[in-house]
Amino acid sequence: MNSKTKNNLIYASKIIFPLIIVIGLFIVGVSAGIITFEPPNKLTGEITATIEIDFGDGTNYSNIFTVENSTVFDFLLEVEEIGEIIVGTNEESGSYEIESISYNDKKYNHGEDGYWWLFYVNEQFAIDSADKVYLSDGDLVEWKFENF
Amino acid sequence: MIKNNFKYNNRIMLAVFLITIGSIIRILLHNNLPGSPSIYITVNGITQPMFMLDLFFIVAIISLVSGILLGGYYTFIVPISVMIITDFVIGNNWIAIFTWSGFAILGLIGYFIKKKKSLTLTHIPRIFGLGIGAILLYDIWTNFGTWLGGWYTHTWGGLVLCYTKALPFMFWHLLSTSIAMVLVILPIIYLKEHKLNIPDFQIKPIEHKISFVVPVILMILALLGLLV
């Protein structure tokens with residue numbers, strides 16, 4: 001093997017090996033069940049969780065609910081169902097976004113004056129949309145109307 | 001003198017072109033990205049989509065190209081201009097200065113490729129390696145910002161959760177930017193190898209130093225902004 005062929009092989013290997021490693025890791029992930037093509041199973045049974053809403057102007061709301069098969073979004077709708085709040089939503093790409101929450105005849109619009117509706121589960125910020133986060137028994141959900 | 005002026009204006013025009021194209025694409029694609037594909041990954045007991053689609057790759061590739069082609073001041077001027085213009089339309093929050101400094105780091109790595117005269121076909125693996133390293137650096141830095149900013153508890157567990165939740169974004173950043181690098185940087189290398197209209201601007205020593213100092217200052221400002 002001459003040096004040119006050898007150099008070409010080394011060059012090709014620098015491109016091919018990383019690709020093989022990435023594809024290999026993906027296949028191993030699928031085989032081990034770490035990577036799946038089905039969404040996570042919904043939790044079954046009744047879930048009891050505390051929901052707190054901080055409206056950012058000193059107004060607060062807190063309650064405990066027991067709901068079946070529930071996401072963070074379902075719990076918020078539960079508060080609406082008992083007539084405490086009115087939730088405005090927008091569906092985009094299969095996910096629900098909170099547009100507003102009204103409480104005591106005051107509407108708090110998502111994005112108005114730099115205030116945004118964000119939620120935390122057990123004091124941890126949630127990146128996913130509220131309808132994709134499933135709660136466990138005893139969880140604390142905090143909705144905060146935060147200013148950036 | 002005239003030749004230098006022409007070259008200097010060319011550099012500004014190219015910077016304006018990159019800022020314009022980056023801003024237009026980011027604004028146009030905003031709200032028009034498809035949903036996450038049905039691939040899920042379970043890490044640390046958390047199951048989440050493997051890819052969370054965002055527009056990182058647009059600004060990332062503009063940052064790398066501005067570093068590779070323009071260098072100097074433009075390593076940070078171009079990406080930060082794109083971010084300021086588009087953030088004005090799309091919106092951002094306190095994390096902005098972390099993302100801006102992150103893109104300035106990407107620009108700086110592009111500039112490093114230019115300085116090492118690595119923009120050749122023989123150096124493609126190195127360019128891709130540096131590009132991937134830059135993306136990882138960006139994600140480590142900006143997610144550290146979200147942890148520090150209070151989105152997660154300030155504990156080891158909070159930090160681990162922060163980086164676990166960031167994995168779908170990181171995987172998407174790596175995939176989308178690698179594809180963008182193939183589509184954008186490979187043609188630039190090809191044109192340069194064939195001496196077809198790819199300018200090679202000279203950078204003055206002071207400009208060289210400033211291009212390294214500014215991202216560091218931005219990173220310090222980002223940290224101070226949260227700590228003060």
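Which helix of chain B does Ser23(B) lie in? I looked this up first. Ser23(B) sits in helix α1 of chain B, which covers residues 2–29. I kept in mind that this is a predicted model.

**Entry: Ser23(B)**

I asked whether Ser23(B) is buried or exposed. Its relative accessible area is 5%, so Ser23(B) is buried. I then listed its neighbours, leaving out residues up to four places away in sequence. Ser23(B) touches Val82(B), Ile85(B) and Thr86(B).

**Entry: chain B overall**

I counted the elements next. Chain B holds seven helices and two strands. Along the sequence I read the pattern α-β-β-α-α-α-α-α-α. The C-alpha trace spans about 60 × 40 × 30 Å along the principal axes of chain B.

I checked the radius of gyration against the globule rule. Chain B has 18 Å, and a compact globule of 228 residues would have a value near 17 Å, so the two agree. Buried residues account for 50% of the 228 residues in chain B. I also looked at contacts with a separation of 6 or more: in chain B, 74% of them join residues 24 or more positions apart.

**Entry: α3(B) against α4(B)**

I went through the helix pairs of chain B. Helix α3 of chain B covers residues 74–90, and its axis comes within 8 Å of that of α4(B). The two axes cross at roughly 145 degrees. I noted the crossing of α3(B) and α4(B) as right-handed.

From α3(B), the contact uses Thr75(B), Phe76(B), Pro79(B), Ile80(B), Met83(B), Ile84(B) and Asp87(B). From α4(B), I found Ala96(B), Thr99(B), Trp100(B), Phe103(B), Ala104(B), Gly107(B), Leu108(B) and Tyr111(B). By class, the contact of α3(B) with α4(B) has eleven nonpolar, three polar and one charged residues.

**Entry: α4(B) against α7(B)**

How do the axes of α4(B) and α7(B) cross? Helix α4 of chain B spans residues 96–115, and helix α7 of chain B spans residues 205–227. Their axes come within 9 Å and cross at roughly 160 degrees. Angles over 145 degrees count as roughly antiparallel, so I logged α4(B) as roughly antiparallel to α7(B). α4(B) passes α7(B) in a left-handed crossing.

On the α4(B) side I listed Ile97(B), Phe98(B), Ser101(B), Ala104(B), Ile105(B), Leu108(B), Tyr111(B) and Lys115(B). The α7(B) side includes His208(B), Ser211(B), Phe212(B), Pro215(B) and Leu218(B). Also among the α7(B) residues are Met219(B), Leu221(B), Ala222(B), Leu223(B) and Leu226(B). I sorted the residues of this contact by class: 14 are nonpolar, three polar and one charged.

**Entry: α5(B) against α7(B)**

Helix α5 of chain B runs over residues 124–148. Its axis lies 10 Å from that of α7(B), at an angle of about 15 degrees. That makes α5(B) roughly parallel to α7(B). The crossing of α5(B) and α7(B) is right-handed.

α5(B) contributes Trp141(B), Phe144(B), Gly145(B) and Leu148(B) to the contact. α7(B) contributes Met219(B), Ala222(B), Leu223(B) and Leu226(B). I counted seven nonpolar residues, one polar and no charged in the contact of α5(B) with α7(B).

**Entry: chain A overall**

I turned to chain A. It has two helices and nine strands. From the N terminus the order is α-β-β-β-α-β-β-β-β-β-β. The radius of gyration is 24 Å, well over the 15 Å that the globule rule gives for 148 residues, so chain A is more spread out than a compact globule. Its C-alpha trace spans about 80 × 40 × 25 Å along the principal axes.

I found 30% of the 148 residues in chain A buried. Of the contacts in chain A with a separation of 6 or more, 49% are between residues 24 or more positions apart.

**Entry: positive phi in chain A**

Where is Asp105(A) found? I placed it in the loop between β5 (95–103) and β6 (106–109) of chain A. Phi of Asp105(A) is near 65 degrees, a positive value in a residue other than glycine. Asp105(A) is exposed, at 87% relative accessible area.

I also logged Asn122(A), where phi is positive and near 50 degrees. Asn122(A) belongs to the loop between β7 (115–121) and β8 (124–125) of chain A. Its relative accessibility is 36%, so I recorded Asn122(A) as partly exposed.

Conventions: Residues are numbered from 1 along each chain as its sequence is written. Chains are lettered from A and ligands numbered from 1 in the order in which they are written. This is a predicted model: local features need pLDDT of at least 70, side-chain atom pairs count only at pLDDT 80 or more; totals for chains, interfaces and linings use all residues. Side-chain values use heavy atoms; hydrogens and water are left out. Axes are lines fitted to C-alpha atoms, for helices over the stretch in contact, and angles run from 0 to 180 degrees between N-to-C directions. Helices (H or I, at least four residues) and strands (E, at least two) are DSSP runs, numbered from the N terminus. Angles under 35 degrees count as roughly parallel, over 145 as roughly antiparallel, 65 to 115 as roughly perpendicular and the rest as oblique. A crossing is left-handed if the near helix is turned anticlockwise from the far one by less than a right angle, and right-handed if clockwise. Contact means heavy atoms within 4.5 Å. Ala, Val, Leu, Ile, Met, Phe, Trp, Tyr, Cys and Pro count as nonpolar, Asp, Glu, Lys and Arg as charged, and the others, Gly among them, as polar. The radius of gyration is taken over C-alpha atoms; the globule rule is 2.2 Å times the number of residues to the power 0.38. Buried means under 20% relative accessible area, exposed over 50%, partly exposed in between (1.4 Å probe, protein chains only).
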